[in-house]
Amino acid sequence: MSWNESTQMEGGATEYSFSLTVGDHQVPGVYWAPAGGGDRLVLLGHGGTTHKKVEYIVEVAQMLVAKGIAAMAIDGPGHGDRVTDRWEHEPQRFGEMWEAGGGTDTMLGDWQAALDFVEAEHGARPTGWWGLSMGTMMGLPVTARESRIRVALLGLMGTWGPNADDLQALAPQVKCPVRFLVQWDDEVVPRESCLTLFGLLGSERKTLHANPGLHAAVPSFEVAQSVAYLDEHLR
């Protein structure tokens with residue numbers, strides 16, 4: 001397990017890359033530290049067919065560090081630097097690559113190892129989750145199983161996809177506050193399945209935010225407000 005390189009960002013923040021050996025595979029990750037290190041942490045889950053440094057994940061990380069919150073992301077199963085063949089432009093293979101990368105069980109171990117690694121280096125802090133679409137396929141199980149997650153931003157996912165059974169089984173175990181986003185005209189994940197998954201969440205403090213538009217057309221104000229939501233709940 002090691003830090004690989006660092007890059008200075010605006011405002012005194014620093015971006016670090018790292019690589020972990022978890023079981024028989026490598027988990028590449030990135031960690032964004034605000035000036036002063038940050039007394040809170042948010043884990044960022046990227047969407048399907050993307051990677052840990054896709055543009056919108058970096059933008060959310062920048063919003064977080066501007067509020068003094070550190071952020072961390074890793075490549076999900078079969079994604080990013082874990083890709084073993086040229087499949088990025090074949091989204092129809094998304095489920096196949098998720099399973100080839102180890103699926104839910106492997107993903108849970110990867111995130112727990114990454115959080116352990118970052119905490120060993122920078123200390124334990126109030127921690128939240130931000131992730132949509134496949135970011136919820138990862139984030140809901142992590143939030144359900146990991147007591148260190150205090151608040152979560154989830155959405156654009158339902159009782160659908162390669163780990164639908166896991167999501168349905170684990171949703172009632174999510175007890176922390178949750179903000180859940182839905183795109184009303186989602187052409188990828190059926191809307192009704194999103195509403196069903198929201199209903200299954202075990203949290204007593206959960207809110208549903210629905211907007212018109214297709215899967216990837218989440219309004220910028222929702223993204224900004226989701227960061228403010230995490231900021232508030234992690235204080």
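The exercises below, each with a worked solution, explore a predicted model of a protein structure.

**Exercise 1. Work out how strand S6 is placed among its neighbours, and whether its residues are buried or exposed.**

Begin with the burial of the strand itself. Strand S6 covers residues 127-131, and five of its five residues are buried, so S6 is largely enclosed by the rest of the structure. Next, sort the side chains by direction: Thr 127, Trp 129 and Gly 131 point one way, while Gly 128 and Trp 130 point the other way, and all of them are buried.

Then look for the strands that pair with S6. Strand S4, residues 40-45, is joined to S6 by five bridges, and the two run parallel; within this pairing, Val 42 stands opposite Gly 128. Strand S7 is also joined to S6, here by four bridges and again in parallel. Two of the residue pairs can be located along the S6 and S7 strands: Thr 127 has Ile 149 as its bridge partner, and Trp 130 has Leu 153.

**Exercise 2. Follow the chain from S6 through S7 to S8, and state which handedness each β-α-β unit has.**

Take the units in chain order. Strand S6, helix H4 (residues 134-145) and strand S7 make a β-α-β unit that is right-handed. The path continues from S7 through helix H5, residues 164-170, to strand S8, and this β-α-β unit is right-handed as well.

Now check how S7 sits between these elements. Strand S7 spans residues 149-155 and is mostly covered, with six of its seven residues buried. Its pairing with strand S8 (residues 178-183) is parallel and runs over four bridges, and one of the bridge partners is Leu 181 in S8, which is matched with Gly 155.

**Exercise 3. Describe the nonpolar cores, and find which residues have the most contacts inside the largest one.**

As background, nonpolar side chains in soluble globular proteins tend to be buried together. In this model, the largest nonpolar core has 45 residues, and those with the most contacts inside it are Met 72, Trp 111, Trp 129, Leu 140 and Phe 180. Helix H3, residues 103-122, gives the most to this core, contributing eight residues. Apart from it lies another core, made of 28 residues, which include Val 42, Val 65, Leu 156 and Leu 234.

To see what surrounds one of these residues, take Met 72 and set aside its neighbours within four places in sequence. Its contacts then include Phe 18, Tyr 31 and Trp 32, together with Leu 41, Val 42, Leu 43 and Leu 44, and also Trp 111, Ala 114, Leu 115 and Val 118.

**Exercise 4. Classify two of the aromatic pairs, and compare the accessibility of the residues that form them.**

The structure holds nine aromatic pairs. For the pair formed by Trp 3 and Phe 18, the ring centres are 5.5 Å apart and the planes are at 80 degrees; planes over 60 degrees apart count as edge-to-face, so this pair is edge-to-face. It links distant parts of the chain, since Trp 3 belongs to strand S1 (residues 2-8) and Phe 18 to strand S2 (residues 14-22), 15 residues apart. A residue is buried under 20% relative accessible area, exposed over 50% and partly exposed in between. Trp 3, at 28% relative accessibility, therefore counts as partly exposed, whereas Phe 18, at 1%, counts as buried.

For the pair formed by Tyr 56 and Trp 130, the centres are 6.2 Å apart and the planes are at 50 degrees, so the pair is tilted. Here helix H1 (residues 55-66) supplies Tyr 56 and strand S6 supplies Trp 130, with their positions 74 residues apart in the chain. Tyr 56 is partly exposed at 29% relative accessibility, while Trp 130 is buried with a relative accessible area of 2%.

**Exercise 5. Identify which residues form an aromatic cluster with Trp 3, and which residue has its charged end over the ring of Phe 198.**

The aromatic cluster consists of Trp 3, Tyr 16, Phe 18, Tyr 31 and Phe 117. Beyond residues up to four places away in sequence, Trp 3 also touches Ser 17, Glu 121 and His 122. The second part concerns Lys 206, whose charged end sits over the ring of Phe 198, 4.9 Å from the centre of that ring.

Key. Residues are numbered from 1 along each chain as its sequence is written. This is a predicted model: local features need pLDDT of at least 70, side-chain atom pairs count only at pLDDT 80 or more; totals for chains, interfaces and linings use all residues. Side-chain values use heavy atoms; hydrogens and water are left out. Buried means under 20% relative accessible area, exposed over 50%, partly exposed in between (1.4 Å probe, protein chains only). Two strands pair if DSSP finds at least two bridges between them. A crossover is right-handed if, with the strands pointing away from the viewer, the path from the first strand over the helix to the second runs clockwise. A nonpolar core is a set of buried Ala, Val, Leu, Ile, Met, Phe, Trp, Tyr and Cys residues joined through side-chain atoms within 4.5 Å. Contact means heavy atoms within 4.5 Å. Rings of Phe, Tyr and Trp (its six-membered ring) pair if their centres lie within 6.5 Å; planes under 30 degrees apart count as stacked, over 60 as edge-to-face and the rest as tilted. A charge sits over a ring if NZ of Lys or CZ of Arg is within 6 Å of the ring centre and within 35 degrees of the ring normal.
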